[in-house]
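Here is a short note to read beside the structure. Keep the viewer open and check each point as you go.

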Amino acid sequence: MKIFKTLILLVLVSSSMLLFAQVPQKEAAVKRPNIVIIISDDHAYQTISAYGSKMMQTPNIDRIANEGVRFDKAYVTNSICGPSRAVILTGKYSHKNGFKDNESSVFNGDQDSFVKQLQGGGYQTAWIGKWHLESKPQGFDFWQILPNQGQYYNPDFNMMDGSKKRVEGYVTNVITEETENWLNNRDESKPFCLVIGHKATHRVWLPDTADLGKFDQVNFPLPANFYDTYKGRKAAGIQDMSIAKTMLIGYDLKMFGSDEKENIDGNFKRMNVKQRAKVDAYYKPIEAKFNGLKLEGKALTEWKFQRYMRDYLSTAASLDRNIGRTLDYLDKHGLNDNTIVIYLSDQGFYMGEHGWFDKRWIYEESFRTPMVMRYPGLIKAGTVSDRFVMNLDIAPTVLEAAGLPIPKDVQGKSMLPVLKNKADKGRQVLYYHYYENGEHAVSPHFGIRTKRYKLIRFYKRVEGWELYDLKTDPDEMDNKYGKKGYEAITAGLNKELISQIEQFEDNDALRILEKDNKK
Ligand code: CA
């Protein structure tokens with residue numbers, strides 16, 4: 001009798017297990033959205049037509065915005081490549097995830113990440129393209145990454161099995177193709193999360209042969225503050241990232257002066273004969289003309305600016321086209337209805353504002369980043385959001401969308417509540433901390449941005465404070481710190497800064513402020 005009971009129980013258990021194993025999991029697999037996150041490198045919102053740019057058209061990024069949401073107030077916590085990726089992965093500030101700068105940081109892959117959570121929750125996960133975190137990716141069923149910054153032509157990849165693979169072609173096309181190969185061969189019984197890490201539009205802005213000369217007929221207007229004198233802004237005054245002084249005629253703008261010099265340039269020497277012939281046929285006549293002009297002073301700086309704009313935007317044209325190719329893939333394979341697509345850059349970039357290229361600062365052009373997101377069924381097409389969101393928020397947003405719990409130590413906030421509920425005002429203050437103290441001579445700093453003001457504390461290279469009223473001075477040219485009439489505003493912002501530092505447990509920043517108070 002006892003045996004009989006046990007048998008019945010076993011049958012019951014196994015049939016209910018079968019139910020759980022088959023029906024609900026299959027249902028869950030259908031319901032749970034796939035996730036595609038496309039991360040570009042140094043792509044300025046000023047150059048994206050969805051953001052109103054007149055510099056060029058970006059129809060495919062615009063398509064994501066038009067079919068989903070355009071975030072007009074998306075920011076990063078630390079405006080530089082590796083650190084931004086570490087923030088995206090972990091949903092934690094640099095001082096918590098440990099990857100503070102591109103100089104000496106190595107990402108500790110043993111820590112938690114949204115990808116590990118997704119993988120544990122039944123997702124198939126992959127990262128293909130630029131990674132730049134110095135250690136091996138963890139939490140992925142598949143990865144294929146560019147070593148360090150990677151190369152524009154015929155890029156090498158580090159593979160999971162320790163081997164290297166070189167793929168002939170232009171990097172943005174190659175990365176897109178490799179992601180399609182992975183998608184074609186994935187396990188279709190599981191939802192997937194794919195991160196596409198594009199190299200474009202990073203320095204040295206080397207375009208695809210198909211895009212050379214695309215913007216040569218355009219004369220780009222100089223930004224109003226192109227000849228900024230940095231009055232009242234000590235850190236800005238000592239930087240080394242200007243188009244006039246820092247941008248190199250050879251390395252950056254491909255005017256090498258001789259074949260010998262061009263041959264030793266890493267980007268050029270790896271091109272195949274056909275690629276090299278096309279690239280040379282484009283740049284050599286420009287160089288010959290440039291040599292004849294013998295430009296100096298402002299004329300030379302403005303020539304450099306035009307060349308920079310033309311190369312950068314040509315690189316961006318390929319990026320946008322390849323984003324379109326990824327969207328087309330999803331369409332063709334019936335995946336678009338059930339796939340979230342997020343496009344963002346790892347941070348913003350200067351297109352000549354303040355006379356600069358590069359990033360790093362808490363000033364708007366580098367602090368802000370383009371971010372658009374398509375989520376059929378949840379985000380209404382054509383939504384524009386002015387809520388403060390950050391790269392810090394990608395991890396919790398994706399976890400919420402996948403129906404997985406958000407670990408308590410994640411510091412970002414899911415972006416879904418502000419999208420679902422118009423009355424939700426979201427975050428009111430943005431906290432920022434930049435650490436690197438090397439290339440481009442940008443002083444480390446931390447600070448906050450409220451809806452109207454920005455308070456910044458520079459340290460190490462430059463010691464001092466800055467305060468901006470973004471309503472009256474959106475280009476951040478007039479440092480109001482210590483000026484008459486701003487005492488109460490500064491005191492209020494200072495209190496808010498301390499509150500943010502305490503909330504995010506940024507002990508490095510706290511120690512600096514404690515020292516200030518002891519003086
Ligand atoms: Ca970057």
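Where is Gln57 found?

1. **A surface residue.** Gln57 sits in the loop between β1 and α2. This is a predicted model. Gln57 has a relative accessible area of 58%, so Gln57 counts as exposed. Now look along the chain to Val69. Gln57 and Val69 are 12 residues apart in sequence. In space, their C-alpha atoms are 18 Å apart.

2. **The whole chain.** The chain holds 16 helices and 16 strands. The chain has 519 residues, and a compact globule of that length would have a radius of gyration near 24 Å. The chain has 25 Å, which agrees. Along the principal axes, the C-alpha atoms fill a box of roughly 100 × 65 × 40 Å.

3. **Inside and outside.** Of the 519 residues, 59% count as buried. The accessible surface comes to about 21900 Å². Carbon and sulfur atoms account for 54% of that surface. Now take the contacts with a separation of 6 or more: 68% of them involve residues 24 or more positions apart.

4. **The calcium ion.** Which residues supply the protein donors? They are Asp41, Asp42, Cys81, Asp346 and Gln347. Asp346 is listed with two OD entries. Cys81 gives its SG atom, and Gln347 gives OE1. The donors lie 2.2 to 2.7 Å from the ion. Why is the arrangement called irregular? The 6 donor atoms subtend angles of 52 to 161°, which makes it so.

5. **Spacing of the donors.** In sequence, the donor residues follow the pattern D-D-x38-C-x264-D-Q. One pair links distant parts of the chain: Asp42 and Asp346 are 304 residues apart. Asp42 lies in the loop between β1 (34-40) and α2 (59-67). Asp346 lies in the loop between β9 (339-345) and α12 (364-367). Asp42 is buried, with a relative accessible area of 1%. Asp346 is buried too, at 0%.

6. **A covered helix.** Helix α3 spans residues 81-90, and 10 of its 10 residues are buried. Among them are Cys81, Arg85 and Leu89. What covers the buried residues of α3? The cover includes β1, α4 (94-97), α5 (114-120), β4 (124-130), β9 and α13 (394-401). Just after α3, Gly91 takes a positive phi of about 70°.

7. **A glutamine in a helix.** Gln275 lies in helix α10, residues 273-293. Is Gln275 buried or exposed? At 10% relative accessibility, Gln275 counts as buried. Its side chain makes a polar contact of 3.0 Å with the side chain of Asn154. Leaving out residues up to four places away in sequence, Gln275 touches Tyr153, Asn154, Gly169 and Thr209.

8. **Backbone points to check.** Most residues other than glycine have a negative phi, and most peptide bonds are trans. Asp358 has a positive phi of about 75° although it is not a glycine. Asp358 is found in the loop between β9 and α12, and at 4% relative accessibility Asp358 counts as buried. Ala441 also has a positive phi, of about 50°. Ala441 is in the loop between β13 (430-434) and β14 (445-449). Ala441 is buried, with a relative accessible area of 10%.

9. **Cis peptide bonds.** A cis bond joins Ala200 and Thr201, with omega about 10°. Another joins Arg203 and Val204, with omega about 15°. Thr201 lies in the loop between β8 (192-197) and α7 (234-238). Val204 is found in the loop between β8 and α7.

Methods. Residues numbered from 1 in each chain as written. Predicted model: local features only at pLDDT ≥ 70, side-chain atom pairs only at ≥ 80, totals over all residues. Heavy atoms only, no water. Donors = N, O, S within 2.8 Å, 3.2 Å for Na, K, Ca; no water. Tetrahedral: all angles 85-135°; square planar, octahedral: opposite > 155°, others 65-115°. Helix = DSSP H or I, 4+ residues; strand = E, 2+ residues; numbered from the N terminus. Buried < 20%, exposed > 50% of the residue type's maximum accessible area, 1.4 Å probe, protein only. Rg over C-alpha atoms; globule rule 2.2 N^0.38 Å. Contact = heavy atoms within 4.5 Å. Areas by Shrake-Rupley, 256 points an atom, 1.4 Å probe, with all protein chains shown as cover. Polar contact = N/O pair within 3.5 Å; in protein donor to acceptor, adjacent residues only side chain to side chain.
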